[in-house]
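This report describes side-chain interactions and the burial of selected residues in one protein chain. Please view the sequence and the structure together while reading.

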Amino acid sequence: MSRRDPRVRRPIDALGLISADGIPYLAPEVQLFYKAKKPRPKDEAALDAALPTLTDDQRHWLVRAITQAYEPHPWADRLLR
């Protein structure tokens, strides 16, 4: 559950991933959720870099999360293209 909005939920085992080298990292859609609150130029660049790698499930989760927490959001249209 997100502290920003309790409606935004994610199973704990889906919050992170593990690289091929065994290094744990935060799932990109989760990181982008936090960056979406007040996107700065570097957050926009992070979205641009992540977009080609996000799966449909990741994109849809992120759209649901940002629209629940932040109402209409300019990233939603970009994520659904």
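The sections below cover model confidence, one helix, charged pairs, aromatic rings and two individual residues.

## Model and confidence

The structure is a predicted model. The mean pLDDT over the chain is 91, and 98% of the residues reach at least 70. Among the elements of the chain, strand S1 (residues 16–18) has the lowest mean pLDDT, at 92, whereas helix H2 has the highest, at 97.

## The two sides of helix H2

Helix H2 spans residues 41–50. Its buried residues are Asp43, Leu47 and Ala50. Viewed down the axis of H2, these buried residues fall within an arc of 70 degrees, so they line one face of the helix. The general geometry of such an element is relevant here: an α-helix has 3.6 residues a turn, so residues three or four places apart point the same way.

The cover over the buried residues of H2 includes helices H1 and H4. On the face turned away from the buried side, H2 carries the exposed residues Pro41, Lys42 and Ala49.

## Salt bridges

Five salt bridges are present in the structure. Asp43, one of the buried residues of H2, takes part in two that are described here. With Lys35, Asp43 forms a salt bridge in which the closest N and O atoms are 3.2 Å apart. With Arg40, the side chain of Asp43 meets in a salt bridge at 2.9 Å, N to O. The relative accessible area of Asp43 is 1%, and this residue therefore counts as buried, the limit being under 20%. Arg40, by contrast, is partly exposed, with a relative accessible area of 45%.

A further salt bridge joins the side chains of Asp48 and Arg78, with an N to O distance of 2.2 Å. Asp48 lies in H2 and Arg78 in helix H4 (residues 74–79), so this pair ties together parts that are 30 residues apart in sequence. Asp48 is partly exposed, its relative accessible area being 44%. Through shared partners, salt bridges also join Lys35, Arg40 and Asp43 into one network.

## Aromatic rings

A pair of aromatic rings is described by the distance of the centres and the angle of the planes. The structure has three aromatic pairs. Phe33 and Trp61 form an edge-to-face pair, with 6.2 Å from centre to centre and 65 degrees between the planes. Phe33 lies in helix H1 (residues 28–35) and Trp61 in helix H3 (residues 56–70), so the pair ties together parts that are 28 residues apart in sequence. Phe33 counts as buried, at 1% relative accessibility. Trp61 is also buried, with a relative accessible area of 11%.

Phe33 pairs with Tyr70 as well, in a stacked arrangement: the centres are 5.4 Å apart and the planes differ by 20 degrees. Because Phe33 belongs to H1 and Tyr70 to H3, this pair ties together parts that are 37 residues apart in sequence. Tyr70 counts as buried, at 15% relative accessibility. Ring pairs link Phe33, Tyr34, Trp61 and Tyr70 into a cluster. In addition, the charged end of Arg10 sits over the ring of Trp61, 4.7 Å from its centre.

## Leu15 and Glu71

Leu15 lies in the segment before S1. At 30% relative accessibility, Leu15 counts as partly exposed. Leaving aside neighbours within four places in sequence, Leu15 is in contact with Arg10, Tyr25, Leu26, Ala27 and Val30. One of these partners, Arg10, is the residue whose charged end sits over the ring of Trp61. The C-alpha atoms of Leu15 and Glu29 are separated by 8.9 Å, the two residues being 14 residues apart along the chain.

Glu71 is found in the loop between H3 and H4. The phi angle of Glu71 is near 65 degrees, a positive value in a residue other than glycine.

Technical notes: Residues are numbered from 1 along each chain as its sequence is written. This is a predicted model: local features need pLDDT of at least 70, side-chain atom pairs count only at pLDDT 80 or more; totals for chains, interfaces and linings use all residues. Side-chain values use heavy atoms; hydrogens and water are left out. A salt bridge is a side-chain nitrogen of Lys or Arg within 4 Å of a carboxyl oxygen of Asp or Glu. Buried means under 20% relative accessible area, exposed over 50%, partly exposed in between (1.4 Å probe, protein chains only). Helices (H or I, at least four residues) and strands (E, at least two) are DSSP runs, numbered from the N terminus. Rings of Phe, Tyr and Trp (its six-membered ring) pair if their centres lie within 6.5 Å; planes under 30 degrees apart count as stacked, over 60 as edge-to-face and the rest as tilted. A charge sits over a ring if NZ of Lys or CZ of Arg is within 6 Å of the ring centre and within 35 degrees of the ring normal. pLDDT is the predictor's confidence in each residue, from 0 to 100. Contact means heavy atoms within 4.5 Å. The arc is that of the directions from the helix axis to the C-beta atoms.
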